[in-house]
Amino acid sequence: QDSFFLAMVFRTTFLVAGLASAAHWALIAAGSKGYENYRHQADACHAYQLLRSKGFAEERIIVMAYDDVAHDKENPFPGKLFNAPDPNGTGLDVRAGCKIDYSGSSVNSSNFLAVLQGLPTKGGNGRVLNTSKDDEVFVNFVDHGAKGVIGFPDGDVLHRADLLKALESMHSKGRYKHLLFYLEACNSGSMFVNMTSNISVYAVTAVDPDHPSLGTYCGDEATVNGTQLATCLGDLFSVYWMDQVAKSNKSLSLSTLYTTVSNSVASYASLHWGNEENQQYGDLSMVNMSIADFLYAAEHTETEHAVSSVPPGWLPPKEVFSSRRVDMQRLTHMYTDLSAKPTSPHRHMEWPRLQFYSKAMRALARREDLVQAAFRNLIALAYPIDEDKRVAVWTANADANNRDCEVGVHDAMRKSCTSFDINSGFALQFHQVVVNLCADTVLGWGAQPRGAIDAASRACGGIAPPKCDDDEDVDAGNVVLV
């Protein structure tokens, strides 16, 4: 009897110790830079605040963000970020208290994979997911994407093959018990379509492999305390899932969260855009787990550790912009809004702002022309005499199965096409052309990437911005955006 009692004590102690050793970890990353991409860093810091409000210790959260937007010259609230509007109030500054571990050039694909797998990094503060086989891990990535890739601020990309290889390696090495991955990016479903279901990863994406994600709280909606911010404050999928988690209790299942958010996003998008359908991939048995298993601290407390994660008087979005078009739309909105007030008593103050947005629109239009010219050149180099193939490659929809060719072409164009940002939302839509070219077995670039890389290095040859009065860099300067 004594031995039975001792065995039960040992078993209970072992179980309690095992439970105590389990932890919840989170990696949050925003993969862009520039004021036009305000929403990504706002999404990321809002996610940080949300986890802190659910009891997560800051030591269990790692944040990667370029961290340039809060202090950008266009930002009328220096040092602050808002992920939702508050037209007549002071809003919720999600940047306040958001502790960023990797900023600037340390936000890159190599460091992202290193942090995820608990490996040494270059730059940043060196913090990584120091996880074990008993730990639950949440990963949230927001940025631009394309077929089979997601982008990072300085132009590099993470290919699906590399991400899935890292997740499979983590699983085989016992780096987590379950992993929940929320991905906000254009074509985000393409990152998980080939993921096996037996590595305990459940991924939810903003869209399927073939559609753009949607920015929201744009235009007139992007207003805090009576001031327009001239950008989009959030992404549709992100603001909806965070709002749902913020107002729900910890028993909410991942299945109910997915269904509720995807229905809201799909119905809203159909009214205002046309299509945004969230997708789920991987181990779908995990949908029976609750948000407490990933988005709360391991002890399932709900202690308030940070600013509230719920914006005051949360407003459902009224308008959305395709991430492919949002850069131009934010500029045209501000220009048309200002030019529609010719008799404003403050016209003398608004004139510099009107000039700024006019110049910015023209400069962006030229860069977008250069993007298209570069990809037209790439196609011409691939098919110098086959006009039918030149036409067909624009509309083909190959899958991203040639990693070395696709990443090699992207990197070559990043280095040689210096007149535009190869990772902008606009430019990345043409990455499908790269995928199509690499998939052409007759062309042979997929099997022999060297030819693809050489062509990509020459694609921007002879392309230069036309000389005109607006060629100087567009800068907000001392323009006060109010």
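Two residues are in contact when heavy atoms of theirs lie within 4.5 Å. The exercises below apply this definition to a predicted model.

**Exercise 1. Which residues of helix 3 meet which residues of helix 4, and how are the two helices oriented?**

Solution.
1. Helix 3 covers residues 109-117 and helix 4 covers residues 160-172.
2. From helix 3, the residues in contact are F112, L113, L116 and Q117; their counterparts in helix 4 are D162, L163, A166, L167, S169 and M170.
3. Sorted by class, this contact comprises seven nonpolar, two polar and one charged residues.
4. The angle between the helices is about 15°, and their axes are 10 Å apart.
5. Angles under 35 degrees count as roughly parallel; helix 3 and helix 4 are therefore roughly parallel to each other.
6. The crossing of helix 3 past helix 4 is right-handed.

**Exercise 2. Describe the packing of helix 10 against helix 13.**

Solution.
1. Helix 10 spans residues 403-416, and helix 13 spans residues 449-458.
2. Their axes lie 8 Å apart, at an angle of about 20°.
3. The two helices are therefore roughly parallel to each other.
4. Where helix 10 passes helix 13, the crossing is right-handed.
5. Helix 10 contributes D404, C405, G408, V409, A412, M413 and S416 to the contact, while helix 13 contributes P449, A452, I453, A456 and S457.
6. Eight nonpolar, three polar and one charged residues make up this contact.

**Exercise 3. At what angle do helix 2 and helix 5 pack, and which residues make the contact?**

Solution.
1. Helix 2 (residues 38-53) packs with helix 5 (residues 236-247) at an angle of about 10°, and the axes are 11 Å apart.
2. Helix 2 and helix 5 are therefore roughly parallel to each other.
3. The contact involves D43, H46, A47 and L50 on helix 2, together with S238, V239, W241, M242, V245 and A246 on helix 5.
4. The classes represented are seven nonpolar, two polar and one charged residues.

**Exercise 4. In what order do strands 4, 5 and 6 stand in their sheet, and which strands are at the edges?**

Solution.
1. Strands of a sheet pair through backbone hydrogen bonds, either parallel or antiparallel.
2. Here the three strands form an open sheet with the order 4-5-6, and the pairing is antiparallel.
3. Strand 4 (145-146) and strand 6 (157-159) are the edge strands, each pairing on one side only.
4. Strand 5, residues 149-151, is joined to strand 6 by three bridges in the antiparallel sense.
5. Within this region, G151 is placed opposite V157 of strand 6.

**Exercise 5. Analyse the sheet that contains strands 9, 12 and 14.**

Solution.
1. The order of this open, three-stranded sheet is 12-9-14, with antiparallel pairing.
2. Strand 12 (234-235) and strand 14 (320-322) each have a single partner strand, so one side of each lacks a neighbour in the sheet.
3. Strand 9 (residues 214-216) pairs with strand 14 over three bridges, in the antiparallel sense.
4. G215 is found opposite F321 in strand 14.

**Exercise 6. What is the mean pLDDT of the protein chain, and how many contacts does the model have for residues 1-20 beyond four places in sequence?**

Solution.
1. The mean pLDDT of the chain is 87, and 84% of its residues reach 70 or more.
2. Across residues 1-20 the pLDDT stays under 50, and the model has zero contacts for them beyond four places in sequence.
3. Residues 466-482 also have pLDDT below 50, yet this stretch has 29 contacts in the model beyond near neighbours in sequence.

Key. Residues are numbered from 1 along each chain as its sequence is written. This is a predicted model: local features need pLDDT of at least 70, side-chain atom pairs count only at pLDDT 80 or more; totals for chains, interfaces and linings use all residues. Side-chain values use heavy atoms; hydrogens and water are left out. Two strands pair if DSSP finds at least two bridges between them. Helices (H or I, at least four residues) and strands (E, at least two) are DSSP runs, numbered from the N terminus. Axes are lines fitted to C-alpha atoms, for helices over the stretch in contact, and angles run from 0 to 180 degrees between N-to-C directions. Angles under 35 degrees count as roughly parallel, over 145 as roughly antiparallel, 65 to 115 as roughly perpendicular and the rest as oblique. A crossing is left-handed if the near helix is turned anticlockwise from the far one by less than a right angle, and right-handed if clockwise. Ala, Val, Leu, Ile, Met, Phe, Trp, Tyr, Cys and Pro count as nonpolar, Asp, Glu, Lys and Arg as charged, and the others, Gly among them, as polar. pLDDT is the predictor's confidence in each residue, from 0 to 100.
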